[in-house]
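Me: I would like to go through this model with you and ask, for several of the terms applied to it, what justifies them.

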Amino acid sequence: VAERGGGGGDASEKPAAAAKTDSNLSLEGAIFMALLALQFGVQPSLVKAYTPRGVIKSSVVLTQELVKFVIASVLYFSGTSKEQRKTDLSGMSIWTWLAI
């Protein structure tokens, strides 16, 4: 059984929740896309409602992005093995990271 990772590794390995063909979207993928769309739609309203007027908006945006990065990192590192992370990051450089 293939470990679930960050999408790197051997292209022949499919997560358990993957669709039968590459042209279909898995249920897991659809759920995560719906959650992302919900967050994308609700976030501006929440920021407007709960951010004091004197706060610099760019600092709020930067803080939100840093929090999302930390949460994603914690989930990635807690949900993958060392071997899977090594596979995911093999061939990664600063240039390939910037290209993504």
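Me: What makes the side chain of S26 a polar partner of the backbone nitrogen of G29?
Reply: This is a predicted model, and in it a polar atom of the S26 side chain lies 3.0 Å from the backbone nitrogen of G29. A polar contact requires a pair of N or O atoms within 3.5 Å, and the distance of 3.0 Å therefore meets that cut-off.

Me: Why is S26 called buried?
Reply: The relative accessible area of S26 is 16%, and because buried means under 20%, the residue falls in that class. As for its place in the chain, S26 belongs to the segment before α1, the helix that covers 27-50.

Me: Why is V42 called partly exposed?
Reply: V42, which is in helix α1, has a relative accessible area of 34%; since partly exposed lies between the limits of 20% and 50%, that is the term for V42.

Me: What makes V42 eligible for a nonpolar surface patch, and which residues make this patch with V42?
Reply: Patch residues need over 30% relative accessible area, and V42, at 34%, therefore passes that limit. The patch, of about 870 Å², is made by V42 together with L27, I31, F32, L35, L38, L46 and Y50.

Me: How do you know what the chain as a whole is built from, and how much of it is buried?
Reply: The chain has four helices and zero strands, in the order α-α-α-α along the sequence, and 9% of its 100 residues count as buried. About 8,700 Å² is exposed by the chain, with carbon and sulfur atoms supplying 68% of that area.

How values were computed: Residues numbered from 1 in each chain as written. Predicted model: local features only at pLDDT ≥ 70, side-chain atom pairs only at ≥ 80, totals over all residues. Heavy atoms only, no water. Helix = DSSP H or I, 4+ residues; strand = E, 2+ residues; numbered from the N terminus. Buried < 20%, exposed > 50% of the residue type's maximum accessible area, 1.4 Å probe, protein only. Polar contact = N/O pair within 3.5 Å; in protein donor to acceptor, adjacent residues only side chain to side chain. Patch = residues over 30% accessible without salt bridge, like charges linked within 9 Å, V, L, I, M, F, W, Y side chains within 5 Å. Areas by Shrake-Rupley, 256 points an atom, 1.4 Å probe, with all protein chains shown as cover. Salt bridge = Lys/Arg side-chain N within 4 Å of Asp/Glu carboxyl O.
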